[in-house]
Amino acid sequence: MNTDPIADYLTRLRNGVMAKHRVVEVPASNTKKAITKILFEKGYILNYKFEDDDKQGIIKIALKYHPVTKMPALNKLERVSRPGLRQYADAGSLPRVLNGLGIAILSTSSGIMSDKEARNLHVGGEVLCYIS
């Protein structure tokens, strides 16, 4: 049993980047699928694929590296809100990661979205993680 599946998801991505893997497999959930879609839209991962098995499913994530320097696109993955201490931000005080160079992923009443989308919609919510 995993008490914090989002932290496990981020740790699998972080370990895959540190080990220079091309593909990382993660157990699927709707929250992880939404976070994966945001990472793809913002250009932090190369591609993703949702596979269905007899259990909960698997997300296959192709990690993105620079073609010449082999530096990963994902530098820092930081879990903010956790089960023991939830972190919330209202629409007026949404966090800015690296002064706008990174993204914060939020769980709002309108779904899971990046901090820029939440600012445009004027909604706040639980700050799940910072990506840079």
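**Entry 1: E4 and E8**

I began with strand E4, residues 77-79, and found it joined to E8 by three bridges, with the two strands running antiparallel. I am working from a predicted model, and I keep that in mind throughout. For one pair in this match, I looked up Arg79 and found that its bridge partner in E8 is Cys129.

**Entry 2: other partners of E8**

Next I checked strand E5, residues 88-89, which has two bridges to E8 and also runs antiparallel to it. Here Ala89 sits opposite Gly125 of E8. Then I turned to strand E6, residues 103-108, and noted six bridges to E8, again antiparallel. In that pairing, Leu106 faces Val127 of E8.

Is E8 mostly covered or mostly open? I found that six of the seven residues in this strand, which spans 125-131, are buried.

**Entry 3: Asp115**

I then picked out Asp115, which belongs to helix H3, residues 115-121. Is Asp115 buried or exposed? Its relative accessible area is 2%, and the cut-off for buried is under 20%, so Asp115 counts as buried. I also listed what Asp115 touches, leaving aside neighbours within four places in sequence: Leu94, Pro95, Arg96, Ile103, Ala104 and Leu106. I had already met Leu106 opposite Val127 in E8, so to speak an old friend.

**Entry 4: the sheet of E1, E3 and E2**

My next stop was an open sheet of three strands, ordered E1-E3-E2 and paired antiparallel. Why is one side of E1 and of E2 left without a neighbour in the sheet? Both stand at the edges and each has a single partner strand, so one side of each stays unpaired there. I noted an average twist of 20° from one strand to the next. As a reminder to myself, strands of a sheet pair through backbone hydrogen bonds.

I looked at each pairing in turn. Strand E1, residues 23-27, is linked to E3, residues 58-63, by five bridges, and Pro27 is opposite Ile58. Strand E2, residues 45-51, shares six bridges with E3. Two pairs I wrote down there are Ile45 with Leu63 and Tyr48 with Ile61.

I also followed the hairpin of E2 and E3, where six residues come between the strands and Gly57 takes a positive phi near 100°.

**Entry 5: helices across the sheet**

Last, I looked at two helices. Helix H1, residues 5-18, lies across E1 and E3 and runs at about 165° to E1. Helix H2, residues 30-41, lies across E1, E2 and E3, at about 150° to E2.

Terms used: Residues numbered from 1 in each chain as written. Predicted model: local features only at pLDDT ≥ 70, side-chain atom pairs only at ≥ 80, totals over all residues. Heavy atoms only, no water. Pairing = 2+ DSSP bridges. Helix = DSSP H or I, 4+ residues; strand = E, 2+ residues; numbered from the N terminus. Buried < 20%, exposed > 50% of the residue type's maximum accessible area, 1.4 Å probe, protein only. Contact = heavy atoms within 4.5 Å. Axes fitted to C-alpha atoms, helices over the stretch in contact; angles between N-to-C directions.
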